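User: Got a minute to go through this one with me? I'd like the helix packing, then the core.

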Amino acid sequence: MTTPDQPPKTTTGEPVPTDELTRIHDTFLHPLIDAPRESQAVILAQRYLLSFDAAHTRRAYGRDLKDWFGWCQLLHLDPLEANRAAVDGYARHLATRPDKPAKPATISRRMSTLSGYYKYALAETVIEKNPLEHVKRPSTPADSPTLGLDRGEAKALLAAASDHSLRSQALVTLLLHDGLRINEALGADLEDLGSVRGHHTLSIIRKGGARRDVVLAPSTAQAIDAYLADRETGPIFITKTARRWDQGATYKTIQSLARRAGIEHADRLSPHSLRHTFVTLAREAGVPLEDVQDAAGHADPRTTRRYDRGRHNLDRHPAYALSAFLAD
């Protein structure tokens, strides 16, 4: 244990540098009111992000806040003095920017991040009113915009992955059979593989930081075992240099495999497309909605229905029945 006259040490036993201790104290422990006014919004953001367990959540919210602070800087506005009009202007800016207008779902998520930030500021008595309180957020489409695969395309993608490499086969099989988010799959380590009551399992960190066990079907477990070979520790999915495989590279791999499989919309696919496919095909296979919801880690069944509804709205559209009826 460190005594008052000894500097704190890191987990490796090395003393923490004095300048690092000062930075930590100023950012997280020093009274915010004593910090320079121009630094208070950023310091508050760092404290707000500290309340989230999942690293990818902190990164995503951090990017949202950085973009908002950049907008405020353009307006010569202190973020802690922003009002509803400034937020409405930011939302309109996102929707109409000439280079790449943001989709309604992106704007809604940005507004959610800002609302959480200002709720935190309100709780810390830094501000007196949340400027997001009455801001209208854009409605998101009832159907998921993510493009999924039908049964034939999914089987073709599995075959292409099997022909390509053991790593591709393991990843595509895992994503299609279990519907994992790509960060859940890439964040898993060999130590997370296990067995529960005869089921092969993988322990993953869900959105929000909760750890959950997912079942691996025999074909999934076999694909992962074949890929791992004699490895015993470290990330499951790695590069040739033994580093953890990154999300950007998996996007290229999925699209390349889809082109090999002859899938028409290959260049529009992403790892999330396989999660979408998991939901739609599981429902098509007769799996109850609540079981698919649990497996996908959706807190709200309406989220699962958004994935499931899009393709089947087309398959069951009354236009087919009516055209046949009128043709008789």
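User: At what angle do α6 and α7 pack, and how far apart are their axes?
Analyst: This is a predicted model. In it, α6 and α7 pack at about 155°, and their axes are 7 Å apart.

User: Parallel or antiparallel, then?
Analyst: Roughly antiparallel. The cut-off for that is over 145 degrees, so an angle of about 155° qualifies.

User: Which residues meet there?
Analyst: From α6, A154, L157, L158, A161, S162 and H164. They meet S168, Q169, V172, T173, L176 and H177 of α7. By class, that contact has 6 nonpolar, 6 polar and no charged residues.

User: On to the core. How many residues are in the largest nonpolar one?
Analyst: It has 36 residues. L202 and F237 have the most contacts inside it.

User: Which elements supply at least two residues each?
Analyst: Helices α6, α7, α8, α9, α10 and α11, plus strands β2 and β3. The most comes from α7, with 6 residues.

User: What does F237 touch, leaving out its sequence neighbours up to four places away?
Analyst: R167, A170, L171, L174, A185, L186, Y227, R243, R244 and W245. Apart from this core lies another, of 30 residues. A45, V87, A91 and V135 are among them.

User: Switching topic: where does H56 lie?
Analyst: In helix α3, residues 55–74.

User: Why does H56 count as partly exposed?
Analyst: Because its relative accessible area is 23%, and buried would need under 20%.

User: What does H56 touch further along the sequence, beyond four places?
Analyst: N183, R206 and K207. H56 and G209 are 153 residues apart in sequence, but 9.4 Å apart in space, C-alpha to C-alpha.

Methods
Residues are numbered from 1 along each chain as its sequence is written. This is a predicted model: local features need pLDDT of at least 70, side-chain atom pairs count only at pLDDT 80 or more; totals for chains, interfaces and linings use all residues. Side-chain values use heavy atoms; hydrogens and water are left out. A nonpolar core is a set of buried Ala, Val, Leu, Ile, Met, Phe, Trp, Tyr and Cys residues joined through side-chain atoms within 4.5 Å. Buried means under 20% relative accessible area, exposed over 50%, partly exposed in between (1.4 Å probe, protein chains only). Helices (H or I, at least four residues) and strands (E, at least two) are DSSP runs, numbered from the N terminus. Contact means heavy atoms within 4.5 Å. Axes are lines fitted to C-alpha atoms, for helices over the stretch in contact, and angles run from 0 to 180 degrees between N-to-C directions. Angles under 35 degrees count as roughly parallel, over 145 as roughly antiparallel, 65 to 115 as roughly perpendicular and the rest as oblique. Ala, Val, Leu, Ile, Met, Phe, Trp, Tyr, Cys and Pro count as nonpolar, Asp, Glu, Lys and Arg as charged, and the others, Gly among them, as polar.
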